[in-house]
Amino acid sequence: MNKNILKKLSYGMYIITSKNADLLVGCVANSVMQINSDTVAISLNNDNYTTKVILEEKKFVINILPTNTEIELIKTFGFKKSNEVNKFLNVSYKLVDDVPIINNTCGYIICTFNNLVKTTTHTIILGKIINMQVSSELEPMTYKYYQENLKGTTNKNAPTYQEEKKTSNKNVFVCKICGYRYETDLDELPDDFKCPMCGVGKEYFEKE
Ligand SMILES: Cc1cc2nc3c(=O)[nH]c(=O)nc-3n(C[C@H](O)[C@H](O)[C@H](O)COP(=O)(O)O)c2cc1C
C-alpha cells in the first residue's frame, strides 16, 4: 500500500462555526462535501469542542476561506480550543440565524443537523442547508494552496493528518499539539522556544 495516494485527494479550507447559549465556537476543517442540492457533509474529530456544540445545538455554518486568509485566523481556529480561548476576540463576524458568520470570506452555508455517522476518531455530520450566501468573488483556498503557499501544517485532529519522517541528520523536535516539525543542530530547544504554528512552549515538543 502507498498511503501517498491519499495526498492526491482534493480538499478546500473552511471554518466550521456554531454557538451555544453564551459561547461562540469554531474550528478549521478541510473535509467538506456536497451530497446533494440541499445536503452537505463535514467530518469533525470527536475531541473537537466544536463537534460537541454542533451535536447539542443541531446547527452549524461552513465558512469558505479565500486564498488571502490571514494565517493567524487558521492558527487560532485550527490549533486552539474553543473552550479554552475566545477564538472570535479579534475576528470580524456577524450573527445570521443566530450562528456566527466570519466576515471577508467567499461566503457561507448555514445548516441544521440532519444525520451522523460515527467512526472511532471522527463524526461525519450531514447538514441540511437552510441559508447560504456568496459574500465575495475572492478565490476559494484549496488545502493544496494552504500547504504550498501558506506553508501551513495540519493539526493531528484533521482527517488528512499523516506523520512525517525525518529527512536529514539534524535533530527533529515535533510539537505534540499541532505536529509542527522543527529541524535543528541543537540537542535541546531554547527555554523560550515557542511553536511558530500553535504558540505552545518547548515542553510540548518531543524529539523524533
Ligand atoms: C489545515 C487544517 C485542517 C483541519 N481539518 C480538520 C477537519 O477536517 N476536521 C477536524 O475535525 N479537524 C480539523 N482540523 C483540526 C481542528 O481545526 C482543530 O483540532 C481545532 O483546534 C479544534 O478546535 P475546537 O476544539 O475549538 O473545536 C484541521 C486543522 C488544520 C490546521
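Below are questions and answers on how some labels are assigned in this predicted model.

Me: Why is aspartate 97 called partly exposed?

Reply: Its relative accessibility is 35%. Buried means under 20% and exposed means over 50%, so a value of 35% puts aspartate 97 in between, as partly exposed. Aspartate 97 sits in the loop between strand S6 (93-96) and strand S7 (99-102).

Me: What makes the phi of aspartate 97 worth noting?

Reply: The angle is near 50°, which is a positive value in a residue other than glycine.

Me: How do you know whether aspartate 98 is buried, partly exposed or exposed?

Reply: The relative accessible area of aspartate 98 is 47%. The cut-off for exposed is over 50% and that for buried is under 20%, so aspartate 98 counts as partly exposed. Aspartate 98 also lies in the loop between S6 and S7, and its phi is positive, about 65°, although it is not a glycine.

Me: What makes a group of residues a nonpolar core?

Reply: The members must be buried residues of certain kinds, Tyr and Cys among them, joined through side-chain atoms within 4.5 Å. The largest such core here has 25 residues, and Tyr146 and Cys195 touch the most other members. Helix H2 (71-79), helix H3 (143-149) and strand S10 (171-175) each supply at least two residues of this core. H2 gives the most, with four residues. Domain 1 (10-149) and domain 2 (171-207) each provide at least three residues of this core. Apart from this core lies another, of 14 residues, including Tyr14, Ala29, Ile54 and Ile109.

Me: Which residues does cysteine 195 touch, leaving out those up to four places away in sequence?

Reply: They are Cys175, Cys178, Tyr180, Val200 and Phe205. Contact here means heavy atoms within 4.5 Å.

Me: Why might nonpolar side chains be found buried together?

Reply: In soluble globular proteins, such side chains tend to be buried together.

Me: How do you know that serine 82 has a polar contact with the ligand?

Reply: A polar side-chain atom of serine 82 is 2.6 Å from an oxygen atom of the ligand. The cut-off is within 3.5 Å for a pair of N or O atoms, so the pair qualifies as a polar contact. Lysine 87 has a polar side-chain atom 3.0 Å from a ligand oxygen atom, and serine 31 has a polar backbone atom 3.4 Å from one. Both of these distances also fall within 3.5 Å.

Me: How much of the ligand does the protein bury?

Reply: Taken alone, the ligand exposes 650 Å², and the protein buries 99% of that.

Note on methods:
Residues are numbered from 1 along each chain as its sequence is written. This is a predicted model: local features need pLDDT of at least 70, side-chain atom pairs count only at pLDDT 80 or more; totals for chains, interfaces and linings use all residues. Side-chain values use heavy atoms; hydrogens and water are left out. Buried means under 20% relative accessible area, exposed over 50%, partly exposed in between (1.4 Å probe, protein chains only). Domain bounds come from an automatic or database domain assignment. A polar contact is a pair of N or O atoms within 3.5 Å; within protein, one must be able to donate a hydrogen and the other to accept it, and residues adjacent in sequence count only if both atoms are side-chain atoms. Accessible areas come from the Shrake-Rupley method with a 1.4 Å probe; for residues, only the protein chains shown count as cover.
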